[in-house]
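Please look over the model below with its sequence alongside, and follow the paragraphs from one element to the next.

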Amino acid sequence: MLRAAVVGAGILGTAHAENLAAHPLVDLEAIADVRIEAASQLAARLGAQPYDDLAMLLKEHPVDVVVIATPDPYHRQPAMTAI
């Protein structure tokens, strides 16, 4: 199983999270968004854990894949944190 997390719970993040959750070889472990309410709603629907802090997510969930689905100007920080 591939362990995955999604950063961003907007339109694109939701689509990525839904596709990952539906894949038989992927375990969607967590969803992070600065809007904890959005992360919580999406995570509850897909059986994942919500976070508003990517560093904490990665500390608690050693994932294999991080999908960054934030608006384009906000990709750098989550990418650097994931690396």
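Val65 belongs to strand 4, which spans residues 65-68, where helices (H or I, at least four residues) and strands (E, at least two) are DSSP runs numbered from the N terminus. The model is a predicted one, in which local features need pLDDT of at least 70 and side-chain atom pairs count only at pLDDT 80 or more, whereas totals for chains, interfaces and linings use all residues. Residues are numbered from 1 along each chain as its sequence is written, and side-chain values use heavy atoms, with hydrogens and water left out.

With a relative accessibility of 26%, Val65 counts as partly exposed; here buried means under 20% relative accessible area, exposed means over 50%, and partly exposed is what lies in between, computed with a 1.4 Å probe on protein chains only. Although Val65 and Ala5 are 60 residues apart in sequence, their C-alpha atoms are 6.4 Å apart in space. When residues up to four places away in sequence are not counted, Val65 touches Leu2, Arg3, Ala4 and Ala5, a contact being heavy atoms within 4.5 Å.

Before strand 4 comes a loop that joins it to helix 3 (54-60), and Pro62 lies in this loop. Pro62 is exposed, at a relative accessible area of 51%, and in space it is 19 Å from Pro24, C-alpha to C-alpha, with their positions 38 residues apart in sequence.

Turning to helix 2, residues 36-46, one finds that its buried residues are Ala38, Ala39, Leu42 and Ala43. Seen down the axis of helix 2, these buried residues fall within an arc of 120 degrees, so they line one face of the helix, the arc being that of the directions from the helix axis to the C-beta atoms. The general background is that an α-helix has 3.6 residues a turn, so residues three or four places apart point the same way. The face of helix 2 turned away from the buried side carries Glu37, Gln41, Ala44 and Arg45, which are exposed. The buried residues, for their part, pack against helix 1 (11-22), strand 2 (26-32) and strand 3 (49-51).

Ser40 is also found in helix 2, and at 28% relative accessibility it counts as partly exposed. Ser40 and Pro50, 10 residues apart in sequence, are 4.9 Å apart in space, C-alpha to C-alpha. Just after helix 2, Gly47 takes a positive phi of about 75 degrees.

How do helix 1 and helix 2 lie, and at roughly what angle do their axes cross? The axes come within 11 Å and cross at roughly 20 degrees, where axes are lines fitted to C-alpha atoms, for helices over the stretch in contact, and angles run from 0 to 180 degrees between N-to-C directions. That makes helix 1 roughly parallel to helix 2, a term that applies to angles under 35 degrees. The contact is made by Gly13, Thr14, Ala17, Glu18 and Ala21 of helix 1 together with Leu42, Arg45 and Leu46 of helix 2.

Within helix 1, Thr14 deserves a separate look. Thr14 is buried, with a relative accessible area of 18%, and, leaving aside neighbours within four places in sequence, it is in contact with Gly8, Ala9, Leu42 and Arg45. A polar atom of the Thr14 side chain lies 2.7 Å from the backbone oxygen of Gly10.

Asn19, likewise found in helix 1, counts as exposed at 54% relative accessibility. Asn19 and Val34 are 15 residues apart in sequence and 21 Å apart in space, C-alpha to C-alpha.

Conventions:
Polar contact = N/O pair within 3.5 Å; in protein donor to acceptor, adjacent residues only side chain to side chain. Parallel < 35°, antiparallel > 145°, perpendicular 65-115°, else oblique.
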